[in-house]
Amino acid sequence: MTAQITKPKKFALTTPLYYVNGVPHIGSAYTTIIADVIARYKRLIGEDVLFITGTDEHGQKIQRTAEEKGLLPQDHCDQIVASFEALWQKLDIQYDRFSRTTAPRHQAIVKEFFERVWDNGDIYLAQQQGWYCVQCEEFKEKRELLEDGCCPLHPNKKAEWRDEENYFFKLSKYQSKLEELYKNNPQFIEPESRRNEILNFINQGLQDFSISRVNLAWGFPIPTDPDHTIYVWFDALLGYVTALLDPEEEPTLNNALSDWWPINLHLIGKDILRFHAIYWPAMLMSAKLPLPQKIFGHGFLTKDGQKMGKSLGNTLDPFELVDKYGADAVRYYFLKEIECGKDGDFNETRFVNILNADLANDLGNLLNRTLGMTQKYCQGSLPKMTATELPQEHSLKTIGLTLGEKVINAYETLKFNEGCEEILTLIQAGNKFIDEQAPWRLFKEGKQAEVEKILYGVLESVRLAAYLLAPIIPNLSSKIYQQLGFSVDFNQSDRLNEVIPFAHHSQWGKLAVNQGLAKPQPIFAKLDLPSEDNP
Ligand code: MSP
């Protein structure tokens, strides 16, 4: 019999390609952190992952920003791209591809795609009249605007009147095909609230949308009519396709789509749902290409309960946040505290309190005190026993035995907050267990075997928690694993599943006997409350 080699499952996911009108803000950091957690989880379980992020660099908004700074648009874009790359590094984001829409290879992909849609008869020339919000790069209905003519998303920028000849994409032709798509694939748009939003929108009847602009230099020309520039959204969505090309590969659609297409997950914020859940699949249908598997629209962040914005002066600078508190802390807060898919709030006092409670007190202290006791009572090496020796009704074992499955389910359904809560249940039970069992007393009474059992159960709980939290807090999990005697760095993604196989490590009872433990060192120093709460 020949051995069968099963190829790992493939998983391709994207963040939006961020506008480069300014340095990255907390909204872009939020989406990217979630995507990174998913990518890390998928790698940990042994899947082959392609994680795509990048920047959306064309259009009027970017052209104007560059002009205001007195820079050539390309120079402006290069500067801002550098700041995105720097932030992703600080936040330990392990992306595989950074797709820039100004890349020459992207132009080749856009041209070929446009020609397919053109050949399919889905593009025509007509007059476009309407109110354009440059900040959204989108036409708005009069009724969508505020009384003073600004769009509600950008209350200090007036929408501009446009009356010009544009090329249009026949979106209306795809009305029933899209309806069928949503009906047959209820999981195409998630969460359900976003799906309902799209169903309501499409029920009103879809209108064709313009995919070219005149009097705009910064973008790709329409292949059949170079006086027109391709609309920035038509160009940007295709950045996901260009990203699939290997670095030296000839930029053709066939090459781009041969390996990783269709993309499994487009992770986006709720404000750009229509583009991804309606325009994008219709464009792909027109080009006769398979559709992505899922569009997930997360919620918006507020600060101290208020909408964030430069005009309100309450923006949250992701660079400052990570410099002050570290990457793991920021990642943990956003994943644990906010239900992915719903809006969520950032409040610095709550941020500090949560991190101190969960990571410094519950997790960090548990490891520290238990390792300390192991040094004292067991000469610093792991008690010589296995998990099977613990009774079935052991309180930590009971939680530990089903934890892996629950947390896997949470990662798979993007319910990270629930996953974190489940893991915390074990940690908190570990603290309670050790307080109740008081191994220091048993040690004095000479009950060495009992002491060892207690310490083993608690250390195993910390190990399991650290493993399951690794996609979210990779640096803390590495420190915990290393103190437990494994030479593992969760940031080295290459062979993680070989070194610490998921099937083994995600389950209760895998701490090896006779493993040398390191000296206990605090893994997460308690944070100070922000100054106004800190007399
Ligand atoms: N360039 C387009 C995307 C093109 S994708 C082919 C774009 N860029 S963006 O930079 O404006 O937005 C990027 C992401 O940041 C979006 O997913 C958006 O939802 C997210 N956020 C912007 N502000 C946000 C919050 N306050 N909170 C959470 N996310 C928010 O749109």
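**Reading a predicted model by its cut-offs**

Me: Pro-191 lies in the loop between strand E9 (189-190) and helix H6 (192-203). What kind of peptide bond joins Glu-190 and Pro-191?

Reply: The bond between Glu-190 and Pro-191 is cis, with omega at about -10°. Most peptide bonds are trans. A second cis peptide bond joins Trp-261 and Pro-262, where omega is about -5°, and Pro-262 is placed in the loop between helix H9 (253-257) and E14. Helices (H or I, at least four residues) and strands (E, at least two) are DSSP runs numbered from the N terminus.

Me: What should be kept in mind about the source of these values?

Reply: This is a predicted model, in which local features need pLDDT of at least 70 and side-chain atom pairs count only at pLDDT 80 or more, while totals for chains, interfaces and linings use all residues. Residues are numbered from 1 along each chain as its sequence is written, and side-chain values use heavy atoms, with hydrogens and water left out.

Me: Why is Thr-31 called buried?

Reply: Buried means under 20% relative accessible area, exposed over 50%, and partly exposed in between (1.4 Å probe, protein chains only); Thr-31 has 4% relative accessibility, and therefore counts as buried. Thr-31 belongs to helix H1, and, leaving aside neighbours within four places in sequence, Thr-31 is in contact (heavy atoms within 4.5 Å) with Thr-15, Pro-16, Tyr-18, Leu-267, Ile-268 and His-298.

Me: How do you know that the side chains of Thr-31 and His-298 make a polar contact?

Reply: The distance between these two side chains, that of Thr-31 and that of His-298, is given as 2.9 Å, and a polar contact is a pair of N or O atoms within 3.5 Å, where within protein one must be able to donate a hydrogen and the other to accept it, and residues adjacent in sequence count only if both atoms are side-chain atoms.

Me: Which residues come nearest to the ligand, and what makes Asp-56 a polar partner of the ligand?

Reply: Leu-17, Asp-56, Gly-269, Asp-271 and Leu-301 come nearest among the 22 residues around the ligand, a residue being near if one of its heavy atoms lies within 4 Å. An N or O atom in the side chain of Asp-56 is 2.7 Å from a nitrogen atom of the ligand, which is within the 3.5 Å limit. The side chain of Asp-271 has an N or O atom 2.5 Å from an oxygen atom of the ligand, and for Gly-269 a backbone N or O atom lies 2.8 Å from a ligand oxygen. The protein buries 91% of the 680 Å² that the ligand exposes when taken alone, with areas from the Shrake-Rupley method and a 1.4 Å probe.

Me: Which elements give two or more residues to the shell around the ligand?

Reply: They are strand E1 (10-19), helix H1 (26-44), helix H7 (232-237) and strand E14 (265-269), and E1 gives the most, with 4 residues.

Me: Why does Val-37 count as buried?

Reply: Val-37 has a relative accessible area of 0%, which is under the 20% limit, so the word buried applies. Val-37 is also in helix H1, and among the residues in contact with Val-37, apart from neighbours within four places in sequence, are Arg-331, Leu-335, Tyr-411 and Phe-416.

Me: What makes Asp-92 and Gln-379 stand out in phi, and is each buried, partly exposed or exposed?

Reply: Asp-92, though not a glycine, has a positive phi of about 60°, and phi of Gln-379, likewise a residue other than glycine, is near 55°. Most residues other than glycine have a negative phi. Asp-92, in the loop between helix H3 (73-90) and strand E3 (97-100), counts as partly exposed because its relative accessibility is 21%, whereas Gln-379, in the loop between helix H13 (348-378) and helix H14 (395-412), is exposed at 68%.

Me: Why are E5 and E10 described as standing at the edges?

Reply: The open sheet of 4 strands has the order E5-E4-E8-E10 with antiparallel pairing; strand E5 (138-140) and strand E10 (209-210) each have a single partner strand, so one side of each is left without a neighbour in the sheet.

Me: How do you know that E4 and E8 pair?

Reply: Two strands pair if DSSP finds at least two bridges between them, and 10 bridges join strand E4 (residues 123-133) to strand E8 (residues 160-169), which run antiparallel. Leu-125 stands opposite Tyr-167 in E8. Strand E6 (residues 150-151) and strand E7 (residues 154-158) are likewise antiparallel, over 2 bridges, and a hairpin joins E6 to E7 through 2 residues.
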